[in-house]
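User: I would like to go through this model before planning any bench work. Please keep the answers short.

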Amino acid sequence: MPETKTATGTWTEKEIRQQPECWSRSLNHIDNIRQTLDQFLSPLLQKDDLRIVLTGAGTSAFIGDIIAPWLSRHTGKNFSAIPTTDLVTNPMDYLSPAHPLLLVSFARSGNSPESVAAVELANQFVPECYHLSITCNEAGSLYKNAVDSDNAFALLMPAETHDRGFAMTSSITTMMASCLAVFAPDTINSNTFQDVADRCQSILSSLSDFSQGVFGEKPWKRIVYLGSGGLQAAARESALKVLELTAGKVVAFYDSPTGFRHGPKSLIDNETLVVVFVSSHPYTRQYDLDLLEELRRDGQAMHVVAITAEHDPVTDSGPHILLPASRPFLDVELAFCFLIYAQVFALTQSINVGNTPDTPSVSGTVNRVVQGVVIHPWQTPRSAS
């Protein structure tokens, strides 16, 4: 596929557009293998002291940050999110031999050095260790190692989610949907999630050829994404997409609405776009709307946009995007809608700054699969504490 400095015809555009179909395919596949999957997982989930750690590097790490809070509350299980980049540098802080561990590894290629090393370190540190590898690449080390291991299960995403563009798009959302379906099939499954896929398809259709942008075409110099709870992680991923696809030419930040007041709010100026991901939870939503109203009242930002699933006088009083309605969505479902908007925005910004979206790093110092990582073998320090 030839690279041009327009959105149309790039791998990045194709991979953004294919997401609803990829989600449906992956969740149907999970339905088909549910019996085999449950044979692996059910005995583990019956262990009261089981730790379930969701891990990955970069964007793959943010999957866990987005969904772990909801999975913990919904299932009553001990879910946490720890990046592989932290596990490999500080395994002694995160890997405890006292409890059985299920390490859920997310990876687009499955070849990042940290992804492979995190699995090896977990096996080394935790006597009763199990693995669920959710990956997009059948030829990757993570997938191959899981297939060949007695204590692991390999869950492969549709082949096209092994994104060929620089930035992860269909890979993150398909792995995210699949993990939700694995652990919360009563709520997230191929039938219920079709509503999310349909809503996101409507969003993509409404954006046409992406040439009109998402939040209007203005000379943004910096963008801030804000979200509460798991949506803060969606805000973090949204900010990363801008940094990746513009190669830092547009500076992007993220925070929670409540945390933003504690210093970071000072970065707002008249060249700043602020986007608030408004929660669907009636309690959390109050805090999102309080800050939204405050930012608009301050009048310091060039543009303050709310993305919301329902009308409210505060959101309706200024620029906002109202998501297509089919049924009330959980925040963990709304995250998919928010990420679609963020991906398209980052793509259009990449075009606007003159980048080629599929290969935005002209210097080549940042790569699609991370390079330059040296994995040091673990040896227990004599004076370890």
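User: How many disulfides does the model contain?

Analyst: This is a predicted model. A disulfide needs two cysteine sulfur atoms within 2.5 Å. C22 is in no disulfide, as the nearest cysteine sulfur, that of C136, is 9.0 Å away. By this rule, the number of disulfides is zero.

User: Why is the sulfur of C129 not in a bond with the closest cysteine sulfur, and how far away is that sulfur?

Analyst: The closest cysteine sulfur to that of C129 belongs to C179. It is too far for a bond, because the distance is 16 Å.

User: Is C22 buried or exposed?

Analyst: Buried means under 20% relative accessible area. C22 has a relative accessible area of 0%. So C22 is buried.

User: And C129, buried or exposed?

Analyst: The relative accessibility of C129 is 7%. The cut-off for buried is under 20%. C129 therefore counts as buried.

User: How are helices α4 and α9 oriented to each other?

Analyst: α4 covers residues 59-75 and α9 covers residues 170-183. Their axes are 10 Å apart, at an angle of about 25 degrees. Angles under 35 degrees count as roughly parallel. So α4 and α9 are roughly parallel.

User: Which residues of α9 meet α4, and how many charged residues does the contact have?

Analyst: On the α4 side, the residues include I63, I66, I67, W70 and L71. In α9 they are I172, M175, M176, C179, L180 and F183. By class, the contact has eleven nonpolar and three polar residues, and the number of charged ones is zero: there are no charged residues.

User: How are α4 and α15 oriented to each other?

Analyst: Helix α15 spans residues 331-352. Its axis comes within 10 Å of that of α4, and the two cross at roughly 165 degrees. Angles over 145 degrees count as roughly antiparallel. α4 and α15 are therefore roughly antiparallel.

User: What is the handedness of that crossing, and which residues of α15 make the contact?

Analyst: The crossing of α4 and α15 is right-handed. From α4, the contact uses I66, I67 and W70. The residues of this contact divide into six nonpolar, no polar and no charged. From α15, they are V332, A335 and L339.

User: W70 lies in helix α4. Is W70 buried or exposed, and how far is W70 from D331 in space?

Analyst: W70 has a relative accessible area of 7%, so W70 is buried. W70 touches residues including L180, A184, L330 and V332. W70 and D331 are 261 residues apart in sequence. In space, C-alpha to C-alpha, their separation is 8.6 Å.

Note on methods. Residues are numbered from 1 along each chain as its sequence is written. This is a predicted model: local features need pLDDT of at least 70, side-chain atom pairs count only at pLDDT 80 or more; totals for chains, interfaces and linings use all residues. Side-chain values use heavy atoms; hydrogens and water are left out. Buried means under 20% relative accessible area, exposed over 50%, partly exposed in between (1.4 Å probe, protein chains only). Axes are lines fitted to C-alpha atoms, for helices over the stretch in contact, and angles run from 0 to 180 degrees between N-to-C directions. Helices (H or I, at least four residues) and strands (E, at least two) are DSSP runs, numbered from the N terminus. Angles under 35 degrees count as roughly parallel, over 145 as roughly antiparallel, 65 to 115 as roughly perpendicular and the rest as oblique. Contact means heavy atoms within 4.5 Å. Ala, Val, Leu, Ile, Met, Phe, Trp, Tyr, Cys and Pro count as nonpolar, Asp, Glu, Lys and Arg as charged, and the others, Gly among them, as polar. A crossing is left-handed if the near helix is turned anticlockwise from the far one by less than a right angle, and right-handed if clockwise. Lists of a residue's contacts leave out its neighbours within four places in sequence.
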